[in-house]
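Please follow the account below with the model open beside it, beginning with the charged contacts and moving on to the strands and the surface.

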Amino acid sequence: MACSLKHLQRYNEEGNEFLASIVTRDETWALHMTPESKAASMMWKHPSSPSRKKFKVSPSTWKLILTVFWDMKGVLLAEFVPRGSTVNSAIHCTPLTKLRRAIRDKRSATNQHIRLLHDKARPRVSRPVREKLQGYS
């Protein structure tokens with residue numbers, strides 16, 4: 001609640017400049033699935049031939065973690081965590097380097113100061129991640 005109040009106060013003082021400086025980070029599970037297209041599933045057959053049975057498409061067992069960074073204008077960076085990786089501080093540091101480049105490419109030079117908004121999960125508040133973030137302030 002204290003953090004939300006602080007953000008409201010800063011928004012009251014700075015307006016849309018404060019909102020434009022926020023970059024949000026979140027992760028989600030993404031299922032890997034390659035569905036068959038309607039055209040690919042068609043086949044020539046005689047009109048009197050029985051219709052082909054179609055099996056229900058189910059997602060594969062591949063699940064990947066997708067990390068997404070966005071601001072008020074849209075997505076800045078989407079990065080998949082390598083399959084089989086353990087989510088630790090090294091995994092959280094890797095996209096931060098790419099995020100710096102994405103911000104440089106997608107934002108105007110006048111608005112380079114950012115505030116990274118993310119939860120306080122242990123890997124995100126570890127020493128290597130904090131050190132990496134020092135360059136963003």
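**Charged pairs, strands and a surface patch**

Glu-79 and Lys-98 form a salt bridge in which the closest N and O atoms are 2.8 Å apart. This pair links distant parts of the chain, since Glu-79 belongs to strand S3 (residues 74-80) and Lys-98 to helix H4 (residues 89-106), with their positions 19 residues apart in the numbering. The model is a predicted one, and the contact should be read with that in mind. The two partners can also be described by their accessibility: Glu-79 counts as buried because its relative accessibility is 16%, under the 20% limit, whereas Lys-98, at 32% relative accessibility, counts as partly exposed.

A search of the whole structure finds four salt bridges, and Glu-14 takes part in more than one contact of this kind, as the network that joins Arg-10, Glu-14 and Arg-115 through shared partners shows. Within this network, Glu-14 forms a salt bridge with Arg-10, where the closest N and O atoms are 3.4 Å apart; both residues lie in helix H1, four residues apart, which is about one turn of the helix. Glu-14 is partly exposed, with a relative accessible area of 31%, and Arg-10 is likewise partly exposed, with a relative accessible area of 27%. The side chain of Glu-14 also meets that of Arg-115 in a salt bridge, at 3.7 Å from N to O. That second pair links distant parts of the chain, with Arg-115 in strand S4 and Glu-14 in helix H1, 101 residues apart. In general, side chains of opposite charge can pair when their charged atoms come close.

From Arg-115 the path leads on to the pairing of the strands. Strand S4 (residues 115-117) pairs with strand S1 (residues 22-31) in the parallel sense, over three bridges, and here Val-23 stands opposite Leu-116 in S4. Strand S1 is also joined to strand S2 (residues 63-71), the two running antiparallel with eight bridges between them, and in this pairing Glu-27 stands opposite Thr-67 in S2.

Helix H1 can be revisited from the side of its nonpolar residues. Tyr-11 is found in this helix, which spans residues 2-14, and counts as partly exposed because its relative accessibility is 37%, between the limits of 20% and 50%. Together with Leu-19 and Met-72, Tyr-11 forms a nonpolar patch on the surface, and the three residues have about 270 Å² of accessible area together.

Methods: Residues numbered from 1 in each chain as written. Predicted model: local features only at pLDDT ≥ 70, side-chain atom pairs only at ≥ 80, totals over all residues. Heavy atoms only, no water. Patch = residues over 30% accessible without salt bridge, like charges linked within 9 Å, V, L, I, M, F, W, Y side chains within 5 Å. Areas by Shrake-Rupley, 256 points an atom, 1.4 Å probe, with all protein chains shown as cover. Buried < 20%, exposed > 50% of the residue type's maximum accessible area, 1.4 Å probe, protein only. Pairing = 2+ DSSP bridges.
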